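Biologist: I'd love a close look at one part of this protein, a loop and the helices around it. Could you take me through it step by step, and then show me a few other spots worth finding on screen?

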Amino acid sequence: MITYCQYVKSHPEDEYNREYHDTEYGFPLVEDALLFERLVLEINQAGLSWITILKKKENFRRAYEGFEIDRVAGYDKSERELLLADVGIIRNRLKINAAIENAIQIQSLRGEYGSFKGWLDAHKNLTKDAWVKLFKQTFKFTGGEIVGEFLMSTGYLPGAHDPDCPIYHQIAALNPAWMR
């Protein structure tokens, strides 16, 4: 199986994946809006190619108002209908509802953990299987692949980059959660 690093290296014409690989994938995120964005993007990728999501990323940011959690948590039927009609994003009712319900869930996590990041940090030493179980208990539309990619892409699980990839060393210098 080819790794993401190998794919990017062998496909220099794929600017979307190269940019994501070099500047986002595996880098620790600290802002809740960015963590929420990544979760929503990973959920929307289910059943589709990642390049589709990367090409629509700016449309998602616009449609979900910068992934401001409190705003998305407050979406009502009219906002849901606007999202379902937005050709710039993935118009899947289950995925849109998951984004809104997950924003509401993140709001509730703040009471005990202070933030989404605080919740993630409190569980940083879990195995992937334990993470998947926790996510399934906590969030909507989160299976093993979605959870694994979300956690690798945000620095909570290892494996985003090959050890011989130059980006691996940049990320290691940032001391991501999986290294602590």
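Modeller: Happy to. Let's start at N92, which sits in the loop between α6 and α7. Please keep in mind that this is a predicted model. Is N92 buried, exposed or something in between? Its relative accessible area is 26%, and since the partly exposed class covers values from 20% up to 50%, N92 counts as partly exposed. The side chain of N92 reaches the backbone nitrogen of K95, at 3.0 Å. To relate this loop to another part of the chain, pick Q45: N92 and Q45 are 47 residues apart along the chain, and their C-alpha atoms are separated by 11 Å.

Now look at the two helices that the loop joins. A pair of packed helices is described by the angle between the axes and the distance between them. Helix α6 covers residues 77–85 and helix α7 covers residues 93–113; they pack at about 135°, with axes 10 Å apart. Why are they called oblique? Angles over 145 degrees would count as roughly antiparallel and those from 65 to 115 as roughly perpendicular, so α6 and α7 are oblique to each other. The crossing of α6 past α7 is right-handed. Its contact residues split into four nonpolar, one polar and four charged. On the α6 side you will find R80, E81, L83 and L84, and they meet R93, I96, N97, I100 and E101 of α7.

Q45, the partner we used for the distance from N92, takes us to another helix pair, because Q45 is among the α3 residues that meet α4. Helix α3 (residues 32–45) and helix α4 (residues 50–63) have axes that come within 10 Å and cross at roughly 135°. These two helices are therefore oblique to each other, and α3 passes α4 in a right-handed crossing. From α3, the residues E37, L41, E42, N44 and Q45 meet W50, I53, K57, F60 and R61 of α4. This contact divides into four nonpolar, two polar and four charged residues.

W50 is a good handle for the next stop, since it is one of the residues that N17 touches. N17 is found in helix α2, residues 15–23. With a relative accessible area of 5%, N17 is buried. Leaving aside residues up to four places away in sequence, N17 touches Y4, Y7, V8, W50, I51 and L54. The side chain of N17 also makes a polar contact with the side chain of D14, at 2.7 Å.

Next, two backbone details. E65 lies in the loop between α4 and α5 (69–73). E65 has a positive phi of about 50° although it is not a glycine, and with a relative accessible area of 33% it is partly exposed. Another non-glycine residue with a positive phi, here about 55°, is N175. You will find N175 in the segment after α11 (166–173), and at 37% relative accessibility it counts as partly exposed.

Finally, go to E145 in helix α10, residues 144–153. At 55% relative accessibility E145 counts as exposed. Draw a line from E145 to R18: the two are 127 residues apart along the chain, and their C-alpha atoms are separated by 21 Å.

Conventions:
Residues are numbered from 1 along each chain as its sequence is written. This is a predicted model: local features need pLDDT of at least 70, side-chain atom pairs count only at pLDDT 80 or more; totals for chains, interfaces and linings use all residues. Side-chain values use heavy atoms; hydrogens and water are left out. Axes are lines fitted to C-alpha atoms, for helices over the stretch in contact, and angles run from 0 to 180 degrees between N-to-C directions. Helices (H or I, at least four residues) and strands (E, at least two) are DSSP runs, numbered from the N terminus. Angles under 35 degrees count as roughly parallel, over 145 as roughly antiparallel, 65 to 115 as roughly perpendicular and the rest as oblique. A crossing is left-handed if the near helix is turned anticlockwise from the far one by less than a right angle, and right-handed if clockwise. Contact means heavy atoms within 4.5 Å. Ala, Val, Leu, Ile, Met, Phe, Trp, Tyr, Cys and Pro count as nonpolar, Asp, Glu, Lys and Arg as charged, and the others, Gly among them, as polar. Buried means under 20% relative accessible area, exposed over 50%, partly exposed in between (1.4 Å probe, protein chains only). A polar contact is a pair of N or O atoms within 3.5 Å; within protein, one must be able to donate a hydrogen and the other to accept it, and residues adjacent in sequence count only if both atoms are side-chain atoms.
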